[in-house]
Amino acid sequence: MNNIWSDQIQGVMTLYLSRKLRFDDCFFAQYDRVFGLPENEELKILEIGCGPGALAEAMHRWYPRAQITAIDRDSSFIAFAEKTIKDVVFMEGDAAHLPFENDHFDVVISHTVQEHIEPAAFWNEQRRVLKPGGICLCLSARKGIHCTAPCLEMTSEEKEFWESVPHTDDVLEKNNVGKYALSEAELPRSMEQNGFVDVTVGYCLIDLTPDSPKYSSRMAETMIEAMRQNDLEAIQSMHSSAAKNAIDAVNAKYDLRIRLYRNGEKQWDTSIALIMTVRGRKG
Ligand SMILES: C[S@@+](CC[C@H](N)C(=O)[O-])C[C@H]1O[C@@H](n2cnc3c(N)ncnc32)[C@H](O)[C@@H]1O
């Protein structure tokens, strides 16, 4: 359909790696509690706005008897997901005009999508494709805690780069990014106003602190590499010939962060995300 999101808003690897961490198995018990899905049933699950597919991939691991379909309108995300993730059906499509018949799915899920789509279209399409009694799960990231290690502060090369490229606010505005964001109180009300019943709210706390002893070295280094990828893809997405110095500076600071981690020199940088799940049923 288009590549606007992956080209200009968030790159494929930025989303895939950050979401792989956010939906790591170590957080499953928290998600499972708030999702409240029936156990051992062959559920038909649809994810809308799936991006590169990390949540759909996690749902397949967590609910192996489910049949999972995932849809997004960004062609590069879908191409990446199809190549990378097995046993999930990925499709290009618009969440406001879902290419499915009425009453088809047991569960519809989304993560950080609601805020970009006009609410009546967002809810009504999900209600239409859900079977009567089917479950809608709407996940969104709420204000968290983010603290950067001194060695990862923005370098002078990065500052110089960002000052040299045009600002991109118009891209965000043109694509409705965040246009329909709702508060913690507005979101469940919006779900009720759009015809869902038995609405509940639950929160999962996703603690990404590489130096925390509770994480393996694999998990800790994955956290650092996900941050590196985020910084690199943001620079690369500007398609500017002035990017080389900034890219070298980013790689140097993350190489240092990895060395400090391996030497046991703790930095205690942290990223704590609070993931809100609003859950409702089609009456
Ligand atoms: C913040 S990203 C989240 C992606 C994914 N859920 C994740 O967490 O990695 C928002 C996603 O919504 C998709 N999106 C926005 N509007 C859409 C629409 N009308 N139909 C389908 N996908 C849409 C974008 O292409 C993008 O992949």
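In the predicted model, helices H2 and H10 cross with a left-handed sense. H2 covers residues 12-22 and H10 covers residues 217-236. Their axes lie 8 Å apart, and the packing angle is about 155°. Angles over 145 degrees count as roughly antiparallel; H2 and H10 are therefore roughly antiparallel to each other. On the H2 side, the contact is formed by Met13, Thr14, Leu17, Ser18 and Leu21. H10 contributes Thr222, Met223, Glu225, Ala226, Gln229, Asn230 and Glu233. By class, the contact of H2 with H10 holds 5 nonpolar, 5 polar and 2 charged residues.

H10 also packs against H11. Here the angle is about 175°, and the axes are 10 Å apart. H10 and H11 are therefore roughly antiparallel to each other. From H10, the contact draws on Ala220, Glu221, Ile224, Arg228, Asp231, Leu232, Ile235 and Gln236. The partners in H11 are Ala243, Ala246, Ile247, Val250, Tyr254, Arg257, Ile258 and Tyr261. Nonpolar residues number 11 in the contact of H10 with H11. A further 4 residues of this contact are charged, and 1 is polar.

H11, residues 243-262, packs with helix H7 as well. H7 spans residues 156-164. The two helices meet at an angle of about 145°, with 8 Å between their axes. The crossing of H7 and H11 is left-handed. Glu157, Glu158 and Phe161 represent H7 in the contact. Ala243, Asn245, Ala246, Ala249 and Val250 represent H11. The contact of H7 with H11 comprises 5 nonpolar, 1 polar and 2 charged residues. Ala243, Ala246 and Val250 of H11 take part in the contact with H7 and also in the contact with H10.

The ligand is surrounded by 20 residues. Those that come nearest are Trp5, Gly49, Gly51, Asp74 and Ala95. Two elements, H2 and helix H4 (54-62), give two or more residues to the shell. H2 thus appears both in the ligand shell and in the packing with H10. The shell around the ligand divides into 10 nonpolar, 5 polar and 5 charged residues.

At the level of the whole fold, the protein chain contains 11 helices and 7 strands. The C-alpha trace spans about 55 × 40 × 35 Å along its principal axes. The radius of gyration of the protein chain is 20 Å. For a compact globule of 283 residues, a value near 19 Å would be expected, so the two agree.

How values were computed
Residues numbered from 1 in each chain as written. Predicted model: local features only at pLDDT ≥ 70, side-chain atom pairs only at ≥ 80, totals over all residues. Axes fitted to C-alpha atoms, helices over the stretch in contact; angles between N-to-C directions. Helix = DSSP H or I, 4+ residues; strand = E, 2+ residues; numbered from the N terminus. Parallel < 35°, antiparallel > 145°, perpendicular 65-115°, else oblique. Left-handed = near helix turned anticlockwise from the far one by under 90°. Contact = placed C-beta atoms within 7 Å. Nonpolar A, V, L, I, M, F, W, Y, C, P; charged D, E, K, R; others polar. Near = placed C-beta within 6 Å. Rg over C-alpha atoms; globule rule 2.2 N^0.38 Å.
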